[in-house]
Amino acid sequence: MKILIKKGRIIDPSQNLDFLGDLLIENGKILEVEKNIEIHERVEIIEANNLWVLPGLVDIHVHLREPGEEWKEDIETGTKSALYGGVLRLACMPNTKPPNDSPEVTKYILERASQKAYVTVYPIACITKKQEGKEITEFGRLKKAGAIAVSDDGKWVQDSGVMKRAMLYAKNFDLPIISHCEDISLSRGGQINEGYFSAKLGLKGIPTSAETIAVLRDLILAKETQKSVHLAHLSTKEVIPFLKWAKEENIPFTAETCPHYFTLTEREVENYNTLAKVNPPLRTEEDVLAIKLALKEGLIEVIASDHAPHSPLEKEIEFEHASFGMIGLQTLLPLSLNLIREGYLTPLALFEKLIVNPSKVLGIDPPSFKKGNSAEVIIVDPEEEYVLTEEIIQSKSKNTPFLNKKLKGRVKKVILKEKIFDLSLI
Ligand code: DOR
């Protein structure tokens with residue numbers, strides 16, 4: 001079967017393409033991408049006037065909650081939400097129950113994904129057993145079972161000796177290592193950003209130093225081991241000078257942030273709104289600006305969602321007891337498009353951070369419109385405005401501060417191999 005997408009704005013950051021044109025798919029593979037493709041045989045035509053045609057996004061920071069917390073999310077619902085968000089490949093974090101610290105759990109996730117997932121799932125395994133920061137997991141066996149990277153997400157490996165050995169070990173096995181930068185001795189018990197609002201609301205604060213110290217330690221270890229470290233979900237302006245220094249020193253590292261850190265401030269929690277309780281916490285306007293500038297300057301090269309579903313059981317309770325996290329797979333794209341609207345990034349630069357760079361971190365070829373590649377295509381209306389209702393959210397959990405808020409930019413169709421998903425029906 002042939003599918004011809006006509007007159008869309010074709011944007012493929014892996015090939016530096018940005019032009020008005022057509023894309024031809026045959027039997028689930030990219031056949032041609034050109035200004036004008038004429039075809040005189042039976043073909044399914046998709047008109048893409050005023051729409052953007054892109055390779056699928058790659059989100060390397062997702063919590064699918066399976067196994068163990070399926071009341072919040074499972075592989076089927078999480079990946080369905082990904083599909084609706086234009087994310088056609090995702091890496092899932094290991095803080096499941098039990099944590100993904102053994103080949104058995106890694107294989108279980110892959111097996112469930114092969115039965116249930118709408119999009120490609122890459123499991124990330126733990127750095128240490130039970131994420132306790134003590135005993136390093138068996139990287140070789142985990143990689144063989146299908147782990148794409150290692151991380152103790154949600155927890156920083158506090159012991160520098162353990163982290164250094166883990167980095168050397170990961171280097172040996174050519175496994176990416178992802179760090180959740182948080183010195184718990186500074187953040188323990190913290191609820192929101194430390195500052196005016198934590199004082200006003202009477203909540204224990206999380207100082208920016210908890211993140212900055214962790215980032216600096218990890219960069220120093222990356223320098224010493226020459227093993228690249230991926231710094232997850234950065235939130236504060238305080239880390240930026242250290243990222244600059246690390247670039248100047250040619251230290252191997254990559255840095256990531258999430259849409260909430262360049263969109264929202266700590267003000268969101270003013271009414272004890274647990275939907276905005278996230279770790280690291282939302283920070284100040286100055287931090288938001290610094291994160292946007294760091295994205296523009298290329299100091300932060302990856303945008304990921306940190307999709308963290310929680311049910312009302314964990315969210316509709318007193319602030320101190322509520323879990324950290326917000327869902328993000330369906331807000332990743334519309335919120336990131338603001339970086340283009342506000343002039344921080346060109347479309348090519350933005351999609352490099354949403355497609356190419358995250359793929360590089362994982363060591364995989366990015367989705368692209370190169371001839372012969374599997375069709376992983378999303379068709380986006382960057383101008384469509386809509387209210388993010390519970391009905392639109394495909395995730396089992398609806399915990400986002402953007403619930404019932406207006407968003408701009410929506411995925412209309414997905415072509416994944418031979419399947420066409422029409423997403424504009426709800
Ligand atoms: O807010 C967060 N939620 N931050 C994390 O690092 C973990 C995540 C979760 O698993 O809920």
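The following legends accompany an overview and several close-up views of a predicted model.

**Figure 1. Overall view of the predicted protein.** The chain is built from 12 helices and 18 strands. Its C-alpha trace extends over about 65 × 50 × 45 Å along the principal axes. The radius of gyration is 21 Å, which agrees with the value near 22 Å for a compact globule of 426 residues. Of these 426 residues, 61% are buried. Among contacts with a separation of 6 or more, 74% are between residues 24 or more positions apart.

**Figure 2. Close-up of Asp-306, a position annotated in UniProt.** An unreviewed UniProt entry places the feature "active site" at Asp-306. This residue belongs to the loop that runs between strand 15 (302-303) and helix 10 (312-315). Is Asp-306 buried or exposed? Its relative accessibility is 7%, under the 20% limit, and Asp-306 therefore counts as buried. Leaving out residues up to four places away in sequence, Asp-306 touches four histidines, His-61, His-63, His-233 and His-260, together with Cys-258, Asn-279 and Met-326.

**Figure 3. Close-up of Ser-305 and its polar contacts.** Ser-305 is located in the loop between strand 15 and helix 10. With 2% relative accessibility, Ser-305 counts as buried. Which side chain makes a polar contact with the side chain of Ser-305? The partner is Asp-59, at 2.5 Å. A polar atom of the Ser-305 side chain also lies 3.0 Å from the backbone nitrogen of His-307. Beyond its neighbours within four places in sequence, Ser-305 is in contact with residues including His-61, Cys-258 and His-260; Asp-306 touches these three as well. Other contacts of Ser-305 include Val-62, Pro-259, Gly-328, Leu-329 and Leu-332.

**Figure 4. Close-up of the largest nonpolar core.** This core has 78 residues, of which Leu-243 and Phe-351 touch the most other members. Where does the core lie with respect to the domains? Domain 1 (2-53 + 371-425) and domain 2 (56-362) both give residues to the core, so it lies between them. Leu-243 touches Val-215, Leu-219, Leu-231, Leu-234, Phe-253, Ala-255, Leu-299 and Ile-300, with residues up to four places away in sequence not counted. A second, separate core contains 22 residues, among them Tyr-261, Ala-276, Ile-393 and Leu-407.

**Figure 5. Close-up of helix 1, residues 75-85.** The helix is mostly covered, with nine of its 11 residues buried. Among the buried residues are Ile-75, Ala-82, Leu-83 and Tyr-84. At the start of helix 1, a side-chain oxygen of Asp-74 comes to within 3.0 Å of the backbone nitrogen of Glu-76. Just after the helix, Gly-86 has a positive phi of about 85°.

**Figure 6. Close-ups of two cis peptide bonds and two lysines with positive phi.** One cis bond joins Glu-66 and Pro-67, with omega about 10°; Pro-67 sits in the loop between strand 6 (57-62) and helix 1. Another cis bond runs from Lys-97 to Pro-98, with omega near 5°, and Pro-98 lies in the loop between strand 7 (87-92) and helix 2 (103-116). Lys-130, although not a glycine, has a positive phi of about 55°. Lys-130 is placed in the loop between strand 8 (120-125) and helix 3 (139-145), and at 52% relative accessibility it counts as exposed. Lys-417 likewise has a positive phi, of about 50°. Lys-417 is found in the loop between strand 17 (406-416) and strand 18 (419-422) and is partly exposed, with a relative accessible area of 47%.

Methods:
Residues numbered from 1 in each chain as written. Predicted model: local features only at pLDDT ≥ 70, side-chain atom pairs only at ≥ 80, totals over all residues. Heavy atoms only, no water. UniProt positions renumbered as here; feature names shortened; annotations may be inferred. Helix = DSSP H or I, 4+ residues; strand = E, 2+ residues; numbered from the N terminus. Buried < 20%, exposed > 50% of the residue type's maximum accessible area, 1.4 Å probe, protein only. Contact = heavy atoms within 4.5 Å. Core = buried A, V, L, I, M, F, W, Y, C linked by side-chain atoms within 4.5 Å. Domains from an automatic or database assignment. Polar contact = N/O pair within 3.5 Å; in protein donor to acceptor, adjacent residues only side chain to side chain. Rg over C-alpha atoms; globule rule 2.2 N^0.38 Å.
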